[in-house]
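Colleague: May I ask for a close look at one part of this model, namely the sheet and the helix that lies across it? Please explain the terms as you go, as the explanation is for a first-year student.

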Amino acid sequence: MNHSHSRRVLVSGLVVAAALITTSARTAVAVTPKVSADEMARHERYMRLAIAQAKRNPGRPFGSVIVDNRSGDVVGEGVVNMGANPMYHSEVVAMNDYIARHGNQDWANLTMYGTGEACPMCMSAMIWAGLPNVVYGSEMSFVHKYVNLIYVRAKDVIAAAHPLYKNKLLLGGVLSRETDQMFIDRAKAQTAPK
Ligand SMILES: [Zn+2]
């Protein structure tokens, strides 16, 4: 490599780096904020309800509840039910439950709790609804060892939806020891002798 060629490579590398910095600044809408002990206790309380939903389908332990942040009420809930409909992931079931009970409105005040990180379909559904707060237990990087899925992280779907969607909360790992264990137990049950 001669001298002028290596300089050109360096310059184009800097241009790429500058472009990456600009892109990340423009799309940095998903944040995992610092959460106080009180807030975390609240998130854990609702995550237990999502876990209870997930336990209705131990073979695919994805459960969700939707909470109205103003009242603290659970306004939608559900467990994955792909036997009925391939789109019936727990988040979609919970959103359909919410619409049936409260109408297709007022999404901005809601938080979605799920035992697993939202897949691209479910994260997209929340984006189209404008549901800005998303809390989950098990990370996709863990769940994919046990369940086939489309490996696109929720934060990346959120970033790709800029400026359509403004995320206010994306918080993972809530009660993840318990949610992770459900996926481990599922794998054990499937490999156990009949
Ligand atoms: Zn999903």
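**The sheet and its covering helix**

Modeller: Helix H7, made up of residues 176-191, lies across S3 and S4 and runs at about 60° to S4. Helices (H or I, at least four residues) and strands (E, at least two) are DSSP runs, numbered from the N terminus. Axes are lines fitted to C-alpha atoms, for helices over the stretch in contact, and angles run from 0 to 180 degrees between N-to-C directions. Two residues are in contact if their C-beta atoms, placed from the backbone, lie within 7 Å.

The model is a predicted one, in which local features need pLDDT of at least 70 and side-chain atom pairs count only at pLDDT 80 or more, while totals for chains, interfaces and linings use all residues. Residue numbers start from 1 along each chain as its sequence is written.

The helix contains Asp185. This residue is partly exposed because 13 other C-beta atoms lie within 10 Å; 20 or more would make a residue buried, and 12 or fewer exposed, with C-beta atoms placed from the backbone. Although 124 residues separate Asp185 from Pro61 along the chain, their C-alpha atoms are 9.7 Å apart.

Beneath this heading also belongs the sheet itself. Its 5 strands form an open sheet of mixed pairing, in the order S2-S1-S3-S4-S5. S2 and strand S5 (169-171) are the edge strands, each pairing on one side only. On average, neighbouring strands are turned by 10° against each other, direction ignored. Two strands pair if DSSP finds at least two bridges between them.

The strands under the helix, S3 (residues 110-116) and S4 (residues 133-138), run parallel and are joined by 5 bridges. Gly116 stands opposite Ser138 in S4. By contrast, S1 (residues 63-68) and S2 (residues 74-79) run antiparallel, also with 5 bridges. Val67 has Val74 in S2 as its bridge partner. The hairpin of S1 and S2 has 5 residues between the strands, and Gly72 takes a positive phi near 80° there.

Finally, Tyr113 touches Tyr46, Met47, Ala50, Ser64, Val65, Val67 and Val135, leaving aside residues up to four places away in sequence. Tyr113 is also among the residues with the most contacts inside the largest nonpolar core, which has 41 residues. Such a core is a set of buried Ala, Val, Leu, Ile, Met, Phe, Trp, Tyr and Cys residues joined through C-beta atoms within 7 Å.
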